[in-house]
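Work through the following exercises with the sequence and the model side by side. Try each task before you read its solution.

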Amino acid sequence: MLDRLARLERRSRTAFAASCAQRLLPLFERYAQSTGDPGLGARLGNVVAAAWDVASGSGADVSALQAEAEAMVPSHRDGWTFEMGYGQNAAAAAAYAIRTWLTDDAQEAAWAARQVYELADYAVLHGSSELDLNEPGAESQILASEIVQGVLEALAQSLDAVEAGPPTWDELQETAAAQGRAWADAMP
């Protein structure tokens, strides 16, 4: 994935990273609700929207938004909730989307994708009472799970879309948002 991202131009890389963050927004909103601060979800949504804007050619200054997204990454000092794992990956993906634009580094976009994978891994690990990590083959079971396979497929589709280079990213954004809502409904 990193090799493919490295061949893309800045706007395409940023659109890919924004699609990763977009998919995780509904799960971040679930986290925000669990903390009693539903406005937090809207704030992260604004960061992701700004990533889409710069990927689409706006000349916005997004330099302060990386720190804002990073500040929304939950800490264990805040008290643990199951949704905290979702919040961590979603806020990190948004920060990586902004950093992709700021640095024009393909690795930042790859790390945004890693957040999507790790969130799926977290959902499978914590959503299955039958999974025993001490058993041989547990990692293979996680990788083969419907959730993880769906996430990997979605990431591949987004990468294909940005490689095709549409003049706008509206369709990619709508697809990512729809998948994110479906994931939020399906994940524990």
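**Exercise 1.** Decide whether Gln22 is buried or exposed, and find which residues it is in contact with.

*Solution.* Begin with the accessibility: Gln22 counts as buried because its relative accessibility is 12%, where buried means under 20% relative accessible area, exposed over 50%, and partly exposed in between, with a 1.4 Å probe and protein chains only. Next, place the residue: Gln22 lies in helix α2, and helices here are DSSP runs of H or I with at least four residues, strands being runs of E with at least two, numbered from the N terminus. Finally, list the partners: leaving aside neighbours within four places in sequence, Gln22 is in contact (heavy atoms within 4.5 Å) with Val48, Trp52, Gln173, Ala176 and Ala177.

Before going on, note that this is a predicted model, in which local features need pLDDT of at least 70 and side-chain atom pairs count only at pLDDT 80 or more, while totals for chains, interfaces and linings use all residues. Residues are numbered from 1 along each chain as its sequence is written, and side-chain values use heavy atoms, with hydrogens and water left out.

**Exercise 2.** Describe helix α3: what is its reach, which of its residues are buried, and what covers them?

*Solution.* First, the reach: α3 spans residues 39–55, has 17 residues and extends 25 Å from its first C-alpha to its last, close to the expected 24 Å, a value found as 1.5 Å times one less than the number of residues. Second, the buried residues of α3 are Leu40, Gly41, Leu44, Gly45, Val47, Val48, Ala50, Ala51, Trp52, Val54 and Ala55. When you look for a pattern in such a list, recall that an α-helix has 3.6 residues a turn, so residues three or four places apart point the same way. Third, the cover of these buried residues includes α2 (10–35), α4 (63–71), α5 (83–103) and α9 (170–186). Last, look just past the helix, where α3 is followed by Gly57, whose phi is positive, near 110°.

**Exercise 3.** Find what Leu172 touches, and how many residues separate Leu172 from Ser19 in sequence.

*Solution.* Leu172 lies in helix α9, and Leu172 counts as buried because its relative accessibility is 8%. Not counting residues up to four places away in sequence, Leu172 touches Ala15, Ser19, Trp52, Ser158, Ala161 and Val162. For the pair in question, Leu172 and Ser19 are 153 residues apart in sequence, yet their C-alpha atoms are 7.0 Å apart in space.

**Exercise 4.** Compare the surroundings of Gln66 and Asp104: where is each placed, and is each buried or exposed?

*Solution.* Gln66 is in helix α4 and counts as buried, at 18% relative accessibility. Its contacts, apart from neighbours within four places in sequence, are Ala95, Ile98, Arg99 and Leu102. Asp104, by contrast, sits in the loop between α5 and α6 (106–127) and is partly exposed, with a relative accessible area of 36%. Asp104 also has a positive phi of about 55°, although it is not a glycine.

**Exercise 5.** Summarise the whole chain: how many helices and strands are there, and what share of the residues is buried?

*Solution.* The protein chain has nine helices and zero strands. Of its 188 residues, 49% count as buried. Among contacts between residues at least 6 apart in sequence, 73% join residues at least 24 apart. The C-alpha atoms fill a box of roughly 50 × 35 × 25 Å along the principal axes.
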